[in-house]
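Me: I have a structure open and want to learn to read it. Where do I start?

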Amino acid sequence: MNDKMVCSDNQKKEYRTRCKDIIMNYIEAHKNERFSAADITDYIEKSGAKINLTTIYRNLDKLTADGKLIKTKNPSNDCAFYQFAEKDSRCDGHLHIQCKVCGRVVHLNDKYMADVYGYLKKEQGFRLDFRESVLVGVCNRCRIMPV
């Protein structure tokens with residue numbers, strides 16, 4: 001029996017479920033990071049499975065539509081990135097910060113951010129689109145690591 005799993009769009013439901021399980025395993029292991037479809041593809045190839053790229057995108061789109069992932073685009077190259085949406089909070093109601101070195105994403109939903117949101121709305125007349133708002137920098141862990 002072949003130990004490699006092959007999944008495509010036209011196979012039976014049980015294979016699509018397995019594909020989704022593999023994709024979800026990756027997402028669960030990377031809850032605090034931003035990732036791309038290419039990252040998932042690399043993970044799948046290293047695990048010895050084969051999943052059609054269209055199937056990966058279809059699953060990512062479904063998870064995004066279901067509110068389980070947040071999809072953003074990199075303005076410099078229009079590449080799509082995804083991040084896990086916290087289960088008990090609405091990720092479209094707060095900003096996120098992301099480390100450009102390790103990719104870790106932090107959800108900023110504390111009381112101090114409410115002051116920032118209030119200032120932007122009242123003083124600047126600016127309403128944030130939280131689903132598109134990610135502040136990028138370098139986290140403390142990466143800043144102190146030797147290069």
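The dialogue below goes from the whole chain to single residues.

Reply: Start with the source. This is a predicted model. Then take the elements in order.

Me: How many helices and strands does the protein chain have?

Reply: The protein chain has 5 helices and 7 strands. From start to end, the pattern is β-α-α-β-α-β-β-β-β-α-β-α.

Me: What share of the residues is buried?

Reply: Of the 147 residues in the protein chain, 34% are buried. The cut-off for buried is under 20% relative accessible area. The chain exposes about 10000 Å², and carbon and sulfur atoms supply 50% of that.

Me: And how do I read contacts along the sequence?

Reply: Set aside pairs that lie less than 6 apart in sequence. Among the remaining contacts, 52% join residues at least 24 apart.

Me: Now a helix. Which residues of α2 are buried?

Reply: Helix α2 covers residues 37-47, and its buried residues are Ala 37, Ile 40, Thr 41 and Ile 44. They span an arc of only 100 degrees around the axis, so they sit on the same side of α2.

Me: Take Thr 41. What does this residue touch?

Reply: Thr 41 lies in helix α2. Its relative accessible area is 19%, so Thr 41 counts as buried. Leaving out residues up to four places away in sequence, Thr 41 touches Leu 53 and Ile 56.

Me: What comes just after α2?

Reply: Gly 48, with a positive phi of about 90 degrees. Helix α4 is also followed by a glycine: Gly 125 has a positive phi of about 65 degrees.

Me: How do I check the length of α4?

Reply: Compare its span with the expected one. Helix α4 (residues 111-124) has 14 residues and reaches 20 Å from its first C-alpha to its last. That is close to the 20 Å expected at 1.5 Å a residue.

Me: Next, sheets. What holds strands together?

Reply: Strands of a sheet pair through backbone hydrogen bonds, either parallel or antiparallel. Here, one open sheet has 3 strands in the order β6-β5-β7, with mixed pairing.

Me: Which strands stand at the edges?

Reply: β6 (105-108) and β7 (134-137) do. Each has a single partner strand, so one side of each lacks a neighbour in the sheet. Neighbouring strands of this sheet are turned by 25 degrees against each other on average, direction ignored.

Me: How many bridges join β5 to β7?

Reply: There are 4 bridges, and the two strands run parallel. Strand β5 covers residues 95-99. For a pair to find on screen, take Cys 99: its bridge partner in β7 is Gly 137.

Technical notes
Residues are numbered from 1 along each chain as its sequence is written. This is a predicted model: local features need pLDDT of at least 70, side-chain atom pairs count only at pLDDT 80 or more; totals for chains, interfaces and linings use all residues. Side-chain values use heavy atoms; hydrogens and water are left out. Buried means under 20% relative accessible area, exposed over 50%, partly exposed in between (1.4 Å probe, protein chains only). Contact means heavy atoms within 4.5 Å. Accessible areas come from the Shrake-Rupley method with a 1.4 Å probe; for residues, only the protein chains shown count as cover. The arc is that of the directions from the helix axis to the C-beta atoms. The expected span of a helix is 1.5 Å times one less than its number of residues. Two strands pair if DSSP finds at least two bridges between them. Axes are lines fitted to C-alpha atoms, for helices over the stretch in contact, and angles run from 0 to 180 degrees between N-to-C directions.
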